[in-house]
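Got your viewer open? Here's a walk through one model, stop by stop, with something to select at each one.

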Amino acid sequence: MAITSLNAISPIDGRYRSKVDALVQYFSEEALIKYRVLVEIEYFIALCEIPLPQLDGVSNTLFEDLRNIYKNFTPEDANAIKDIEKVTNHDVKAVEYFIKEKFDALGLSDYKEFIHFGLTSQDINNTAIPLSIKDAMNAVYVPEYFILLEKIEELSKEWQNVPMLARTHGQPASPTRLGKEIQVFAVRLKEQFNLLNDVPSAAKFGGATGNFNAHKVAFPDIDWKAFGTQFVQEKLGLQHSFPTTQIEHYDHMAALFDALKRINTIIIDLDRDIWTYVSMDYFKQKIKKGEVGSSAMPHKVNPIDFENSEGNLGIANAIFEHLAVKLPISRLQRDLTDSTVLRNVGVPFGHTLIGFKSTLKGLGKLLLNETKFEQDLEANWAVVAEAIQTILRRENYPNPYEALKGLTRTNEAITQHSISNFIDSLEVSDHIKTELKAITPSNYTGI
């Protein structure tokens, strides 16, 4: 059965496929195969450039033809490798055999045994996968992140002068400004992105147990450690992890996933705050003709985009968490648990992308209900009590906190009138009374 959006098991490949298409060239099975081919080809070219005497007959004019094997990689090539794998029952060995067939076509049959020379499959997997993640981060994740960040920053500026009743513990608290509250999320995101940028994309490359055993026994006079570092860092643009066991230790990859998880957590926090503001009627939402908010209640316009984002980012974080705690653990020199787990690396990126797009869509639908902001402030004159008692402290007034507590900690409504009467009762100068009466819930918003 051909996979379609209607019969795919994962919603990433089904309902949400259009939102994650950009990830296909980095995290699909075909993409993984292509990256493996890339590493194998570049490794062979690097051996030629040492040069190994056995490869003297390979002209550098053929290097571009070799690179075209992965540059012009097609779905038919991927299927050919999968057909070979049906026989080998080994995915990386199938890649090697595929490239050998290409060598035959290029007249390089005499050099086929230097494909995958001295390597284990993890030298290919542990370079191909970090390279695909790095490329996906740069080409897809980072642009989507900045689109969302720019929208958040845009709203923080648009709403910078909108006074708002703050709520701590869900209760009315010292007023703030809506734009500042949105700016908090922008700053948090930028700080975590800076930490994300500090995480290197690391890769293992060193043979069956990380010691270049096969390389050294065949060519003992070559500095294989230097070769491996140069290949990984200069050819592939990754950081060479050394020493390692048979596999990459994944500590840096775990740090990357943890950083991505923290960014997602901040956006979940934003989603929940905006959702709550919508429920408080601080925001209306733009209505799109033909859309239905509820199957039973025609009046409803639900904050579904923020709910969709929260759900998808939660799934992404659960998988990022598992990857981060599982991958750095491997029995002795290696076990195979990392292999099947890493095949899911694109899944949390997919859910993250869906989450980003949903939050962005939700933010774009918000309509400010300034009347509700004003009403809430006017209904909560008690919040200026902090300002009054602080100025009284400045003036060395006796027990100002207790005096305000007696006024405000009751079940009676505190109004502008009752505050004004309280100020009039204070034994302070008229100048101070004027200063105190100038404070309102709308202008007591701090810096």
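Before you click anything, here's a word you'll need: a residue is called buried when its relative accessible area is under 20%, exposed when that area is over 50%, and partly exposed in between. Keep in mind, too, that this is a predicted model.

**Stop 1: a stack of rings**

Select Tyr 145 and Phe 193. Both Tyr 145 and Phe 193 are buried. For Phe 193 the relative accessible area is 8%, and that is why it counts as buried.

Now look at how the two rings sit. The structure has 25 aromatic pairs. In the pair made by Tyr 145 and Phe 193, the ring centres are 4.5 Å apart and the planes meet at 10 degrees, so this pair is stacked. Zoom out a little: Tyr 145 belongs to helix α7 (residues 121-158) and Phe 193 to helix α8 (residues 178-197), so the pair ties together parts 48 residues apart in sequence.

Add Phe 146 to your selection. How do the rings of Phe 146 and Phe 193 pair up, stacked or edge-to-face? They're edge-to-face, with 5.2 Å from centre to centre and 70 degrees between the planes. Phe 146 lies in helix α7 and Phe 193 in helix α8, so this pair ties together parts 47 residues apart in sequence. Phe 146 has 33% relative accessibility, so it counts as partly exposed.

**Stop 2: a cluster of rings**

Next, select Tyr 43, Phe 114, Phe 117, Phe 205, Phe 219, Trp 224, Phe 227 and Phe 231. Ring pairs link these residues into a cluster.

**Stop 3: the nonpolar core**

Clear that and pick Val 37, Ile 133, Phe 257, Ile 274 and Phe 349. These are the residues with the most contacts inside the largest nonpolar core, which has 137 residues. Which helix gives this core its largest share? Colour α7 to see: it supplies 15 residues of the core, the largest share.

Now keep Ile 274 and show what surrounds it. Setting aside its neighbours within four places in sequence, Ile 274 is in contact with Ile 182, Phe 283, Phe 306, Leu 363 and Leu 366.

**Stop 4: salt bridges**

Time for some charged side chains. The structure holds 34 salt bridges, and you can visit a few here.

Start with Asp 258 and Lys 261. Their salt bridge has its closest N and O atoms 3.8 Å apart. Both residues lie in helix α11, three residues apart, which is about one turn of the helix. Asp 258 has 26% relative accessibility, so it counts as partly exposed.

Jump to Asp 305 and Lys 365. Here the closest N and O atoms of the salt bridge are 2.9 Å apart. This pair links distant parts of the chain, 60 residues apart: Asp 305 is in helix α12 (residues 304-326), while Lys 365 is in the loop between α14 (346-364) and β6 (366-368). Are these two residues buried or exposed? Both Asp 305 and Lys 365 are buried.

Then select Arg 394 and Glu 435, whose side chains meet in a salt bridge at 2.9 Å, N to O. Arg 394 lies in helix α16 (residues 385-394) and Glu 435 in helix α19 (residues 430-437), so the pair ties together parts 41 residues apart in sequence. Arg 394 is partly exposed, with a relative accessible area of 48%, and Glu 435 is partly exposed at 26%.

To finish this stop, show Glu 29, Arg 36, Lys 82, Glu 85, Asp 91 and Arg 343. Salt bridges that share partners join them into one network.

**Stop 5: backbone oddities**

Switch to the backbone. Most residues other than glycine have a negative phi, and most peptide bonds are trans.

Go to Ile 50 and Pro 51: the peptide bond between them is cis, with omega near -5 degrees. Pro 51 lies in the loop between α3 (29-49) and α4 (63-71). Another cis peptide bond joins Phe 242 and Pro 243, where omega is about 0 degrees. You'll find Pro 243 in the loop between β4 (239-241) and α11 (251-279).

Stay in that loop and select Tyr 250, which also lies between β4 and α11. Tyr 250 has a positive phi, near 65 degrees. Its relative accessible area is 1%, so Tyr 250 is buried.

Last click: Asp 281, in the loop between α11 and β5 (283-285). Its phi is positive as well, near 70 degrees. At 29% relative accessibility, Asp 281 counts as partly exposed.

Note on methods: Residues are numbered from 1 along each chain as its sequence is written. This is a predicted model: local features need pLDDT of at least 70, side-chain atom pairs count only at pLDDT 80 or more; totals for chains, interfaces and linings use all residues. Side-chain values use heavy atoms; hydrogens and water are left out. Helices (H or I, at least four residues) and strands (E, at least two) are DSSP runs, numbered from the N terminus. Buried means under 20% relative accessible area, exposed over 50%, partly exposed in between (1.4 Å probe, protein chains only). Rings of Phe, Tyr and Trp (its six-membered ring) pair if their centres lie within 6.5 Å; planes under 30 degrees apart count as stacked, over 60 as edge-to-face and the rest as tilted. A nonpolar core is a set of buried Ala, Val, Leu, Ile, Met, Phe, Trp, Tyr and Cys residues joined through side-chain atoms within 4.5 Å. Contact means heavy atoms within 4.5 Å. A salt bridge is a side-chain nitrogen of Lys or Arg within 4 Å of a carboxyl oxygen of Asp or Glu.
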